[in-house]
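Thank you all for making time this morning. I would like to walk you through one model, going slowly over the local geometry and the charged contacts.

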Amino acid sequence: MATLYKTAKSEFKDVEDIIEEKEKKSNIKQRVLIVSSRGITYRHRHLMNDLEALLPHAKKESKIEAKQDIDLLNELADMQNCNNVFYFEARKHQDLYFWISRAPSGPSVKFHVQNVHTMDELKMTGNCLKGSRPILSFDASFDSEPHLQLLKEIFTQTFAVPKGARKSKPFFDHVFSFSIVDGRIWFRNYQIVEKDPETGGDMAKNSKPTLVEIGPRFVLNTMRIFEGSFGGPTLYENPKFISPNAIRAAVRSRHSAKYADRTAKTVEREARKQANPLPSDPLKDVFE
């Protein structure tokens, strides 16, 4: 009789019970591990701290060696019970590379970070409550190409704070904006203001809320998308990406070309003087 009752109860379920079961099954908790390599500058460290403050579901780990311990990031994520990894890799104390990986199976993306401006540096008037959940806003260009669709899904799984995450508040008061300009991804953070800026009171029902920038600002230039976590087969490679080492080498060669041109002109002038000497003046020794 109990078996028949359980069978009948499983067959005849309310719609609310089915929705609750689907929410429980789909409620996959996303946790992000934030790690940096040794050699990061103060600006890079402040950017990492800003992201940690904006993402309540993130955990920060101590620095690791860039080349030796990159394979251990998946193990660190498993130990910290995290399924996403933010890895800030510094090179030559001036270049910052940003890894976003889905641990431990992948995929992973490597970006070159440019135009970094932290919240302390910008000192914007916008503000948001610590632990509040953000609204993610994506440019329409993210749906144009397959690799951009993959990046959109990766950003959604990492930057979106899941419902019921630790240290999170159950409301939204800021927006993460991801825009594509000049083939690069521009990140901005805005506060949602629902008060009249002139009077400071509540806005009318028909009026729309305004956005005030909070910070930080940075630009991501996609380098490669890998199938695995921190490696594996390449799914996408940016053909327009130029490494900062190549840019600095081009600048140095341009300066060296200017020096070589100036040296060549000096040698040419000396040779022209020797080939065309001035005639001697017969009156130069008259007053001696």
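**Salt bridges, strands and turns**

Let me begin with lysine 152, which counts as partly exposed because its relative accessibility is 27%, where buried means under 20% relative accessible area, exposed over 50%, and partly exposed in between, with a 1.4 Å probe and protein chains only. Before going further, I should say that this is a predicted model, in which local features need pLDDT of at least 70 and side-chain atom pairs count only at pLDDT 80 or more, while totals for chains, interfaces and linings use all residues. Residues are numbered from 1 along each chain as its sequence is written, and side-chain values use heavy atoms, with hydrogens and water left out.

The side chain of lysine 152 meets that of aspartate 143 in a salt bridge, at 3.5 Å from N to O, a salt bridge being a side-chain nitrogen of Lys or Arg within 4 Å of a carboxyl oxygen of Asp or Glu. Aspartate 143, for its part, is partly exposed at 47% relative accessibility. By this rule the count comes to nine salt bridges, and Arg188, Glu213 and Arg217 are linked in a network of them.

Now to strand E4, residues 95–102, which is largely enclosed by the rest of the structure, because seven of its eight residues are buried; strands here (E, at least two residues) and helices (H or I, at least four) are DSSP runs, numbered from the N terminus. Aspartate 95 forms a salt bridge with arginine 248, with 2.8 Å between the closest N and O atoms. This pair links distant parts of the chain, since aspartate 95 is in strand E4 and arginine 248 is in helix H7, 153 residues apart. Aspartate 95 is buried, at 6% relative accessible area, whereas arginine 248 counts as partly exposed at 22%.

What are the partners of E4 on either side of it in sequence? Strand E3, residues 84–91, pairs with E4 in the antiparallel sense over eight bridges, where pairing requires that DSSP finds at least two bridges between two strands. E4 is also joined by six bridges to strand E5, residues 108–117, and these two run antiparallel. Within the first pairing, glutamate 89 stands opposite tyrosine 97 in E4, and glutamate 89 also forms a salt bridge with arginine 91, the closest N and O atoms being 2.5 Å apart. Glutamate 89 is buried at 3% relative accessibility, while arginine 91 is partly exposed at 32%.

The backbone angles deserve some care, given that most residues other than glycine have a negative phi, and most peptide bonds are trans. E3 and E4 form a hairpin with three residues between them, and lysine 92 in that turn has a positive phi of about 55 degrees. Between E4 and E5, which form a hairpin with five residues between them, glycine 106 has a positive phi of about 100 degrees, and a cis peptide bond with omega of about 5 degrees joins glycine 106 and proline 107. A cis bond also runs from glycine 215 to proline 216, with omega near 0 degrees.

Phi is positive, near 60 degrees, for aspartate 182, which lies in the loop between E7 and strand E8 and counts as exposed at 65% relative accessibility. Phenylalanine 230 also has a positive phi near 60 degrees, but phenylalanine 230 counts as buried, at 10% relative accessibility.
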